[in-house]
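Please examine the sequence and the model displayed below. The report that follows describes selected features of the fold under short headings.

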Amino acid sequence: MATLEDTLTTKRTPLYHLHQANQPNATGWQHLGGYAIKAGQDETQVEPTTVAPACGLTDLSALARVGLRGKKAATILSEKHYQLPAAPNQALRQEDGSLVAKLSASEYLLLGSFADDGERISRDELAWQAAERAHRLPDAYLLPRQDTHAWLALTGSHASDVMAKLCGVDLSPKAFAPGHVAQTSVARANAIIINASQADLSCLYLLVDSASACYFWPILLDAMQEFEGKELNIMALRHHHPA
Amino acid sequence: MKIMNCPLNGPRNISEFIHGGELKPMPNPTTCSDREWADYVFYSDNTAGVITEWWMHVASSYWFLAERHTVTDEILRTFDPQEIFQERIEFAVEEKRS
């Protein structure tokens, strides 16, 4: 396990300073995808059942994410063997665990997988960046999302109850099934909400402006209080996202 | 809260939208007069009745068109701009003087 000093050369998620301020004495920082993340409980000690019934908030910002927009975006993604959602505001889990969300008729958002720490998405983004520089990405625009958006996960059976306090859109399981996407206002700031629930775990992804990440984090924790919600380490959530 | 129906995202609180002005035909920027261009960019017809105007859903940065009655403030219809705009408009870029 690395010390805080070791993390100084690594990348920081938008919530790094908040985590650091909340736990000034924390000595344990882990590395994931080149990012420093706060070490939680030892991965091996977390039973999957300890995550599922409760209400948890996790910072997934260390995982890769990127967007692609334009007339040819769908073709470019298909060439890379991504399965695409049929309609806007839908998301589709890929075989490798990554997620593709369709945000409009020609805009896609790709979220990395736990299985490879988002490496597939990072690799593809680098390839698209090179293609764009060489003008080999016609009718498509790469949308860097890694630094523009923070990625939070709200897990547990009370996830939609927590969101009901913050958001005007009905996100209850009946109205907002797995694979649904809502781009709306949460706590008066903009967010993309994706129902990324797996068979054994209710999970809402929230993608928020990186500058508002430190606003959202305490607000969500506050809204979670009545459901005994708590902050979870990214490693704890990993158990629920097998490859 | 007043509800507006976004063609992409469905019914949402009006606070999620911003107004983008009346839909007007764009004069040719290379040949029109300054007055015509100012009229297009800045001036509003301020019609009392049903008008078509631009709106944007901020959370998804999605621009669309709405028919609204300016007297009753009733939103009659919202629709994707592709109903009117089929082609991307490219503007000629003036070459930099060396």
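## The β5-β6 hairpin of chain B

In chain B, β5(B) and β6(B) run antiparallel and are joined by five bridges. Strands, like helices, are DSSP runs numbered from the N terminus (E, at least two residues, for a strand; H or I, at least four residues, for a helix). Two strands are said to pair if DSSP finds at least two bridges between them. One position of this pairing places B:R68 opposite B:I75 in β6(B). The two strands make a hairpin with four residues between them, and B:D73 in the turn has a positive phi of about 60°.

The model is predicted: local features need pLDDT of at least 70, side-chain atom pairs count only at pLDDT 80 or more, and totals for chains, interfaces and linings use all residues. Residues are numbered from 1 along each chain as its sequence is written, chains are lettered from A and ligands numbered from 1 in the order in which they are written, and side-chain values use heavy atoms, with hydrogens and water left out.

## Salt bridges around the hairpin

The turn residue B:D73 also forms a salt bridge with B:R68, at 2.7 Å from N to O. The term denotes a side-chain nitrogen of Lys or Arg within 4 Å of a carboxyl oxygen of Asp or Glu. The partners are not equally covered: B:R68 is buried at 15% relative accessible area, whereas B:D73 is partly exposed at 32%. Here buried means under 20% relative accessible area, exposed over 50%, and partly exposed in between (1.4 Å probe, protein chains only). Salt bridges with shared partners connect B:K2, B:E53, B:R68 and B:D73 in one network.

A further salt bridge is formed by B:R77 and B:E83, whose closest N and O atoms are 3.5 Å apart. B:R77 is partly exposed, with a relative accessibility of 34%. Over all chains, the count of salt bridges comes to 12.

## The sheet of chain B

The hairpin belongs to an open sheet of four strands in chain B, in the order β3-β4-β5-β6, with antiparallel pairing. Its edge strands, each pairing on one side only, are β3 (17-22) and β6 (74-79). On average, neighbouring strands of this sheet are turned by 35° against each other, direction ignored. Such angles are taken between axes, which are lines fitted to C-alpha atoms (for helices over the stretch in contact); they run from 0 to 180 degrees between N-to-C directions.

Strand β4 (residues 50-57) and strand β5 (residues 62-69) of chain B are antiparallel and share eight bridges. Within this pairing, B:M56 has B:W63 in β5(B) as its bridge partner. In a regular strand the side chains alternate between the two faces of the sheet.

## A nonpolar patch on chain B

A nonpolar surface patch of about 850 Å² is made by B:M26, B:W37, B:V41, B:F42, B:Y43, B:I84, B:F85, B:I89 and B:F91. Patches consist of residues with over 30% relative accessible area and no salt bridge; like charges are joined within 9 Å, and nonpolar side chains (Val, Leu, Ile, Met, Phe, Trp, Tyr) within 5 Å. Among the members, B:V41 lies in helix α1 (residues 34-41) of chain B and is partly exposed at 41% relative accessible area.

## The sheet and helix α4 of chain A

Chain A contains seven helices and 14 strands. Five of the strands form an open antiparallel sheet in the order β6-β7-β8-β5-β9. β6 (90-93) and β9 (141-144) are its edge strands, each pairing on one side only. The twist averages 20° from one strand to the next. Strands β7 (residues 99-104) and β8 (residues 107-111) of chain A run antiparallel and are joined by five bridges; A:K102 has A:Y108 in β8(A) as its bridge partner.

Helix α4 (residues 119-133) of chain A lies across β5 (65-69), β8 and β9 of that chain and runs at about 130° to β9(A). The side chains of A:D124 and A:K80 meet in a salt bridge of 3.6 Å, N to O. This pair links distant parts of the chain, 44 residues apart: A:D124 is in helix α4 of chain A, and A:K80 is in the loop between α3 (73-79) and β6 of chain A. A:D124 is buried at 7% relative accessible area, while A:K80 is partly exposed at 30%.

## Burial in chain A

Of the 243 residues of chain A, 53% count as buried. One of the buried residues is A:N233, at 13% relative accessibility; A:N233 is located in the loop between β14 (230-231) and α7 (234-238) of chain A. A:N233 and A:L60 are 173 residues apart in sequence, yet 9.1 Å apart in space, C-alpha to C-alpha.

Notes: Areas by Shrake-Rupley, 256 points an atom, 1.4 Å probe, with all protein chains shown as cover. Contact = heavy atoms within 4.5 Å.
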